[in-house]
Amino acid sequence: MMIGPVALIGLLALAPVQVPGPGTGTVRGVVVSDRTGEPLPSTVIEIQGLSEPLVTLADSVGGYLLRGVPAGRRTLRATRFDHATFEVEVFIPAGREVELD
């Protein structure tokens with residue numbers, strides 16, 4: 001799936017700000033290329049299957065942070081225009097932080 005930069009910025013601007021609650025956790029990590037090990041800035045990181053989008057964009061060194069992720073089993077998706085989409089299931093404990101690189 002290819003997303004143009006203007007559409008991506010619009011998508012992120014429309015995403016609601018998530019405020020961490022008692023039944024939520026945090027996911028953080030760094031996105032790198034599986035081929036080169038280099039950071040992948042501007043990768044779209046999102047939690048799938050929620051009623052409202054929870055999306056962020058990796059920074060210039062591939063780092064990302066998602067707060068307010070509802071606790072439980074969730075699917076995290078990473079999408080970048082020049083790489084294959086990556087999905088992984090992760091368990092988010094309430095009130096805790098998960099590091100997922």
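How many helices and strands does the protein have? Load the predicted model and colour by secondary structure: one helix and seven strands appear. These elements are DSSP runs numbered from the N terminus, helices being H or I with at least four residues and strands E with at least two. From the N terminus on, they run α-β-β-β-β-β-β-β.

Two notes on the numbers. Residues are numbered from 1 along each chain as its sequence is written, and side-chain values use heavy atoms, without hydrogens or water. In this predicted model, local features need pLDDT of at least 70 and side-chain atom pairs count only at pLDDT 80 or more, while totals for chains, interfaces and linings use all residues.

**Stop 1: the open sheet**

Select strands 4, 1 and 7. They form an open sheet in the order 4-1-7, with mixed pairing. Here strands pair if DSSP finds at least two bridges between them. Strand 4 (63–70) and strand 7 (97–99) stand at the edges with a single partner strand each, so one side of each has no neighbour in the sheet. Neighbouring strands of this sheet are turned by 20° against each other on average, direction ignored. The axes behind that angle are lines fitted to C-alpha atoms.

Now keep strand 1 (residues 24–30) and strand 7. They pair in the parallel sense over three bridges. Pick valine 27: its bridge partner in strand 7 is valine 98.

**Stop 2: strands 2, 5 and 6**

Select strand 2 (residues 44–48) and strand 5. Five bridges join them, antiparallel. Glutamate 46 has arginine 77 in strand 5 as its bridge partner.

Add strand 6. Eight bridges join strand 5 to strand 6, again antiparallel. The two form a hairpin with two residues between them. Zoom in on threonine 75, whose bridge partner in strand 6 is glutamate 89.

**Stop 3: the largest pocket**

Which residues lie nearest the centre of the largest pocket? Select Val31, Val32, Leu40, Ala78 and Phe86; they belong to a lining of 20 residues. Strand 5 (72–80) and strand 6 (83–92) are the elements that give two or more residues to this lining. By class, the lining has twelve nonpolar, four polar and four charged residues. The pocket holds about 390 Å³ of space. A pocket is an open set of points on a 1 Å grid where a 1.4 Å probe fits, with protein on both sides within 12 Å along at least five of seven lines; lining residues have an atom within 4 Å of a point.

Terms used:
Axes are lines fitted to C-alpha atoms, for helices over the stretch in contact, and angles run from 0 to 180 degrees between N-to-C directions. Grid points are joined across faces, edges and corners, and a volume is the space filled by probe spheres set on the points. Ala, Val, Leu, Ile, Met, Phe, Trp, Tyr, Cys and Pro count as nonpolar, Asp, Glu, Lys and Arg as charged, and the others, Gly among them, as polar.
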